[in-house]
Amino acid sequence: MTQLSASLNGRLRNTSLPQKRFLFPLFEAVVNSIYGIDDRIEKDKTFSPDSGYIEVKFIRDSQTSLNEKDKGYLERIVISDNGIGFTDDNYKSFCTLDSMYHASKGCRGIGRLLWLKEFVVVNVSSVYKGAGKLHKRSFKFSNEGIENEKVDDVEGDEPHTEIILSSPRKLYIDLYNKQSLDNMSKALFEHLLWFYIRKGGCPRIKLIDGKDEVDMDNLYEEYAMKSDNQTSIDIDGHTFNLLHVKVKKTEDKNRVFYCAGNRVVRIEKLNITGLYESPLKDGEQNFYYQCYVTSKYLDDNVSSDRYSFMINESKDKNQQELKFEGDLVFDDIMESVNAKIEEFLQPYLTENIEQGLIRVANYVDTKAPYYKPLLGSLSDKDKSLNPNSTDKSIDSYLHTKLYEQEHRLIEEGHDVLDVREHETDEQYKERVKDYFDRAQNLKSSDLVRYVIHRKIILEFLEDSLRRKDDGKYSRENRVHQIIMPMHMTSDDVDSDNNNLWLINDRLVFHHYLASDKSFKSMKITDCDSKERPDIISEFVYDNPLVVAEGENPPFASFSIIEFKRPMRDDFEGNEKGKDPIKQCMDYVNLIRESKVKDKRGRIIRINEQIPAYCYIISDLTSSLEKICKDNDFIRTYDNLGYFGYKSIYHIYFEVISFAQLLNGAKERNAAFFDKLGISHK
């Protein structure tokens, strides 16, 4: 039988070490030292478990240091321990790629390959016991393989090993220079958490970088680890062990760690109602939660580099699991694990859930009542969000939930009236009634949203009419833009984007609308007149809105809305545009004298008997009031406007002051606001 050979450089070429995992070679060296100490404890009964130590030294080139804070470029890392050492068996395993010697501990022989991916050379010196004597084994490890292996007898010493990772490669050296010792020690501690919480604990570990030192035991005390409980779950015949841990302090807040070979491989956030990035409470003590998941199934399905699991993530688009018999998908694993974690954490989540419900309810009550119909259909789990959520995030979440329910209703509605097999008349009636009840309840949110929209528009309008601190009024375009965007027609603007209801709700239902457009440009006339109010382009007052009522001819009426600048008081005189009543009458005559078309371009005839409605929106200054009186108009009951009728022209006039416009709109909508419990003052 021919023995297969292995290529070290080939294995190195196929070994991945992303920059974000640049500390993994160090992690693997420390884990090897931990296992070496474990082996010594197991085989040497005279060695106390409390005597194990590991020391990590970062040696730098001090000549490259630019200042006291800059420690210089990393030259090498020295990892020392008093574990069992490079015995003959351990050395044989080291020399064998993909060795199975420590497979039961999850070792895959990847550590020494990662050393050479990041460092040019590794020097090993190890004192170990063999055949009742102490021996010292030393060798050099590089891309060329193992060189200068030497074994000598020694006396008067105890087992210990020193691994020197020298000359970091260019791709990684800057990463070490940018990291502080605190950050590296915390990253190592997080990686080794499993060893701290396991039975027997972890050996003492110290990190040294120049004058800085970190004792990992102090980190352990700072993080205050507490292994609270261990449970197991069965997923399709595979056992998964869950270790629940309460942590006083951690970089990874409220997470689940999926482990293989006693190493953390994958970290996932927990999507559990009431569990957020903030700490939980156990009596008076705050804590973060972490769960460590181990399983033979995870051990058997971890990738060779231990960066990931060789487990399909989820189901395909047809919801058929991408797995063979006995295999799992990771979504199933996480779903089962999360359910068990939620069960364990339930006593600690109650307060968060209650506060989340209050936060969402308060937001809906005070700022978004249009979501009230939705809240009634959501479970407490679905409507309990982080109490510290912003209004924006709550609105986004509720909008998504509303869309999901509307989508389900649409899908269900396609065949809701079809009688189902074996369905009785009573069952049919009940099912259809339930569907329409849910649909009506959900769609009522649209009406509520529309009423809230009106409330906001009224606030905008009121603000635009206030005099500013400098004694001037806002630019004229604000009111016009609120009611209808400028230079637009109904072909350009959706009906929901105009606010003609501020003047009269009847105006919302129009066939054609033009804002700040010349008669020549309007599709509904063939008039060549370029007539438009005497203003400059950025002004909007004195620009007409033309509204034709009804969808199909013959038209019931048409309307002209004329804005005048706030507090304008120069309406007297014979100059063009001075008299808004005459101005509107001229507009009406231009329309009636032209060949009128519908919005599809078909010519129609407008009967001269069809009434025209002219609305003049302006402050009731003395000159405007004189014009109204000269035309025999009647003052309104609130003294804020005038109305009249030019019988010979069949034109109805309303002169509406800005105050009357605002008050009238508020009064017409007050009942809706009262129904929703929002102020309309």
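## An exposed glutamate and its partner

E343 has a relative accessible area of 55% and is therefore exposed. In this predicted model, its side chain meets that of K340 in a salt bridge, with 3.7 Å from N to O. K340 is partly exposed, because its relative accessibility is 23%. Both residues belong to helix α10 (residues 330-366), and since they are three residues apart, about one helical turn separates them.

## Salt bridges around helix α12

The structure contains 24 salt bridges. One of them joins the side chains of K367 and D391, at 2.5 Å from N to O. K367 is in the loop between α10 and α11 (372-375), whereas D391 is in helix α12 (residues 391-413), so this pair ties together parts 24 residues apart in sequence. K367 is partly exposed at 49% relative accessibility, and D391 is also partly exposed, with a relative accessible area of 25%.

Helix α12 takes part in another salt bridge through K401, whose side chain meets that of D382 at 3.8 Å, N to O. D382 is in the loop between α11 and α12 and K401 is in helix α12, so the pair ties together parts 19 residues apart in sequence. D382 has a relative accessible area of 28% and counts as partly exposed. K401, at 16% relative accessibility, counts as buried because the cut-off for that class is under 20%. Elsewhere, R40, D44 and E158 are joined into one network by salt bridges that share partners.

## Aromatic pairs

Across the whole structure, 22 aromatic pairs are found. In one of them, the ring centres of F94 and F141 are 5.2 Å apart and the planes stand at 70 degrees, so the pair is edge-to-face. F94 is in helix α3 (residues 88-94) and F141 in strand β4 (residues 133-142); the pair therefore ties together parts that lie 47 residues apart in sequence. Both rings belong to buried residues: F94 has 10% relative accessibility, and F141 has 5%.

F119 and Y176 make a tilted pair, with 6.3 Å from centre to centre and 50 degrees between the planes. Here strand β3 (residues 119-130) supplies F119 and helix α5 (residues 170-178) supplies Y176, so parts 57 residues apart in sequence are tied together. F119 and Y176 are both buried.

## A ring cluster and charges over rings

F94 and F141 also belong to a cluster, linked by ring pairs, that includes F86, Y91, W115 and F139. One member of this cluster, Y91, has the charged end of R137 over its ring, 4.5 Å from the centre.

A second charge over a ring involves K246, whose charged end sits 5.2 Å from the centre of the ring of F287. K246 also stands opposite Y289 in β14.

## Strands β10 and β14

Strand β10 (residues 238-247) runs antiparallel to strand β14 (residues 285-294), and seven bridges join the two. Of the 10 residues in β10, seven are buried, so the strand is largely enclosed by the rest of the structure.

## The protein as a whole

The protein has 17 helices and 24 strands. Its 681 residues are 49% buried. Of the contacts with a separation of 6 or more, 66% come from residues 24 or more positions apart. The protein exposes about 36000 Å², of which carbon and sulfur atoms supply 47%.

Terms used. Residues are numbered from 1 along each chain as its sequence is written. This is a predicted model: local features need pLDDT of at least 70, side-chain atom pairs count only at pLDDT 80 or more; totals for chains, interfaces and linings use all residues. Side-chain values use heavy atoms; hydrogens and water are left out. Helices (H or I, at least four residues) and strands (E, at least two) are DSSP runs, numbered from the N terminus. Buried means under 20% relative accessible area, exposed over 50%, partly exposed in between (1.4 Å probe, protein chains only). Contact means heavy atoms within 4.5 Å. Accessible areas come from the Shrake-Rupley method with a 1.4 Å probe; for residues, only the protein chains shown count as cover. Rings of Phe, Tyr and Trp (its six-membered ring) pair if their centres lie within 6.5 Å; planes under 30 degrees apart count as stacked, over 60 as edge-to-face and the rest as tilted. A charge sits over a ring if NZ of Lys or CZ of Arg is within 6 Å of the ring centre and within 35 degrees of the ring normal. Two strands pair if DSSP finds at least two bridges between them. A salt bridge is a side-chain nitrogen of Lys or Arg within 4 Å of a carboxyl oxygen of Asp or Glu.
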